[in-house]
Amino acid sequence: MFNKTKKLMLAFTMLTILNVSTAMEHHHTNYTTTEIVINDPWVRLSPPNAPALGLFMQINNNTNYDIKLLSVNASGYKRIELHRTVAQGDMMKMAKQEFMPIPTKGKLHLKPGSWHIMLIGPKSVLRKGDTVMIDLVFDNGLTKTVYAQVRKEKKMTGNHHRMMY
């Protein structure tokens, strides 16, 4: 009788530990997925012979610390670079960046004429509506996979603002 009680207590303890560790893992997973939220990833539709394609999105940092986008991985490109358009005298120039900073509880909007990602040397021609799978690698150890849709960018006339559709 004493052995049965011991075995039941041991089984109960093991089930409790298993339940707590599963709950902690589930909590951690939910926390991790909301640390960084990617909105509206898209690739600009370009002519078939374009040597590079622009990738844009909004990255929201919901953490209590600054983070950096360190790199982007996707198959089907010669290389992928982080860029920012900067003024150099009277000219606007794209400059390769080592990382993209996203402030605490802030966001970084990757858009034409600003921060963006260059998909250089595409190995196939993308068409409107295609989807590109991309892995974003951050300095906090998180990697986010996003699916960016290929679409046109509509330029608005009369001012310097651009609108996508």
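This passage walks through the nonpolar core, an aromatic pair and a few side-chain contacts in a predicted model.

Start with the inside of the protein. The largest nonpolar core has 30 residues, and the members that touch the most others are V43, I59, L69, I117, I134, L136 and F138. I117 makes a handy example. Setting aside neighbours within four places in sequence, I117 is in contact with a run of residues that includes L53, G54, L55 and M57. Its list of contacts also takes in L69 and L136, two residues that likewise rank among the core members touching the most others.

Next come the aromatic rings. A pair of aromatic rings is described by the distance of the centres and the angle of the planes. The count here comes to one aromatic pair. That pair is W42 with F56, and it is tilted, with 4.8 Å from centre to centre and 35° between the planes. It links distant parts of the chain, since W42 belongs to strand β1 (residues 36-44) and F56 to strand β2, 14 residues apart. W42 counts as buried because its relative accessibility is 1%, under the 20% cut-off. F56 counts as buried too, because its relative accessibility is 1%.

Strand β2, which covers residues 52-61, is also home to Q58. The side chain of Q58 makes a polar contact with the side chain of N60, at 3.0 Å. Farther off in sequence, beyond four places, Q58 is in contact with V37, I38 and N39, and also with K107, L108 and H109.

Finally, a charge meets a ring: the charged end of K68 sits over the ring of F99, 4.4 Å from the ring's centre.

Conventions
Residues are numbered from 1 along each chain as its sequence is written. This is a predicted model: local features need pLDDT of at least 70, side-chain atom pairs count only at pLDDT 80 or more; totals for chains, interfaces and linings use all residues. Side-chain values use heavy atoms; hydrogens and water are left out. A nonpolar core is a set of buried Ala, Val, Leu, Ile, Met, Phe, Trp, Tyr and Cys residues joined through side-chain atoms within 4.5 Å. Buried means under 20% relative accessible area, exposed over 50%, partly exposed in between (1.4 Å probe, protein chains only). Contact means heavy atoms within 4.5 Å. Helices (H or I, at least four residues) and strands (E, at least two) are DSSP runs, numbered from the N terminus. A polar contact is a pair of N or O atoms within 3.5 Å; within protein, one must be able to donate a hydrogen and the other to accept it, and residues adjacent in sequence count only if both atoms are side-chain atoms. Rings of Phe, Tyr and Trp (its six-membered ring) pair if their centres lie within 6.5 Å; planes under 30 degrees apart count as stacked, over 60 as edge-to-face and the rest as tilted. A charge sits over a ring if NZ of Lys or CZ of Arg is within 6 Å of the ring centre and within 35 degrees of the ring normal.
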